[in-house]
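Student: Hi! Could you walk me through the spaces in this model and a helix pair?
Tutor: Happy to, let's pull it up.

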Amino acid sequence: MAETKIDPWGAVLIEDYQKVLENYGMEPFDEKMLKKFPNPNRLMRRFVVFGHQDLDRIADAIKHKKEFAILTGIMPSAEKLHLGNKMVVEMVKYFQEQGGKAFVLVADLEALATRDVSLEEAEKRAMEFHIPAYIALGLDPKKTVFYFQSKNKKVRDMAYDFSSHLTLNEFRAIYGDLNASKIMSVLTQIGDILYPQIEKIMPVVVPVGPDQSPHLRACRDVVRRYKKYNFILPSATYHKFTPSLDGDMKMSKSKPDSYVSIPEDPEKVAKNMLTSKTGGQKTIEEQKKLGGKPEECIVFELFKQHLIEDDKELNKIYEGCRAGKIMCGDCKKKAAELMKKFMEDFNKKFEKAKVEMDKVNIMKFGEK
Ligand code: TRP
Ligand code: SF4
């Protein structure tokens, strides 16, 4: 059996999250862990967050009101955002509301090395698009600190320091195929993840999709081995991918009509929603008699992950579907409406965030 290798730079299909947990040394995010968190958000309550590493440390910091940080990165090469970015923002926001200090970095060095985007271009794109878009998705600009990798000397210094603490064989074991630009990006990302602790040693949580797990593994390996800084092992949460509208596990840009980008024309996205794969029966008669299969339905998955906040409402759809009381056509229309509304709302917030960029806290680093 071929082992699924998660490649953070490629698009992979992850069939089986249980296998991902095992192969990548993640702990399952389960009922027991859920109970440790006050006011869990939709993604946690519904186990869209399926895995974690060392999350007890964060639960403990919240409980005892100790300092902790949240960190995530934005790739300024991407033309648009996607629903995965939305999940990251929701997790950052959740931890922020529980008292964590949030850092969001622009991975301009990674974009330069792996996507050939110049630093000037990356800065322009981040200021005009990515940062206001993250704010439109719900980040609180007053409580979030942003920085650019290329301007953060401490991050780069750490990358150099750690370069002698991972062997080429370890890089290969974690990433498979390698080249120098990937090695540079990995070391820089390790620097990012540890950056909050350079200011002060404290727990840090990194909410990511499973495609970023190799970076956490590399970072945690280095921290375990290299004690010079006394860093605490970073924690992580992993959330599931949002499936493609045609039913594949993960949305892929190569199938534009099955892919929900952010932003997107609200009318167009609504139309695309109507093409989603469902878990319905072939005919209305059969649907009434046998009921549908929400577990196999992309529309239901979108309700669950993104579109319906209220658990009771979601449950009603689940039961109604299984009992054959609701029909896929109506369900898809509802999903189309909700997605359209989400995009309209996003566009409004995005326009507002763009003119309020002067309120955003972007770290300035002195020439030293
Ligand atoms: N590699 C990440 C991506 O492709 C971006 C990134 C850079 C990042 N540094 C990070 C993400 C630190 C999380 C934490 O999207
Ligand atoms: Fe999916 Fe709704 Fe059809 Fe059930 S009724 S299979 S939830 S689209």
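Student: How much space lies in the largest cavity?
Tutor: About 130 Å³. On a 1 Å grid over the protein atoms alone, a cavity is a set of points where a 1.4 Å probe fits but cannot get out, and lining residues have an atom within 4 Å of a point. The volume is the space filled by probe spheres set on the points, which are joined across faces, edges and corners. This is a predicted model, where local features need pLDDT of at least 70, side-chain atom pairs count only at pLDDT 80 or more, and totals for chains, interfaces and linings use all residues. Residues are numbered from 1 along each chain as its sequence is written, chains are lettered from A and ligands numbered from 1 in the order in which they are written, and side-chain values use heavy atoms, with hydrogens and water left out.

Student: Which residues are closest to the centre of that cavity?
Tutor: C297, F300, C321, C328 and C331, out of 18 that line the largest cavity. Helices α14 (298–307), α15 (311–322) and α16 (328–355) each supply at least two lining residues. Helices (H or I, at least four residues) and strands (E, at least two) are DSSP runs, numbered from the N terminus.

Student: Switching to pockets, how much space lies in the second largest one?
Tutor: About 650 Å³. A pocket is an open set with protein on both sides within 12 Å along at least five of seven lines. Nearest the centre of the second largest pocket are R42, K86, E90, E309 and F342, among 24 lining residues. The largest share, seven residues, comes from α16.

Student: Is E90 buried or exposed?
Tutor: E90 is buried, at 16% relative accessible area; buried means under 20%, exposed over 50%, partly exposed in between (1.4 Å probe, protein chains only). E90 sits in helix α5 (residues 83–97). Beyond its neighbours within four places in sequence, E90 is in contact with N41, R42 and L43, where contact means heavy atoms within 4.5 Å.

Student: And the helix pair: at what angle do α6 and α10 pack?
Tutor: Helix α6 (residues 108–115) and helix α10 (residues 180–199) pack at about 170 degrees, with axes 9 Å apart. That makes α6 roughly antiparallel to α10 (under 35 degrees is roughly parallel, over 145 roughly antiparallel, 65 to 115 roughly perpendicular, the rest oblique). Axes are lines fitted to C-alpha atoms, for helices over the stretch in contact, and angles run from 0 to 180 degrees between N-to-C directions.

Student: Which residues meet there?
Tutor: L109, E110, A113 and T114 of α6 meet S181, S185, T188 and Q189 of α10.
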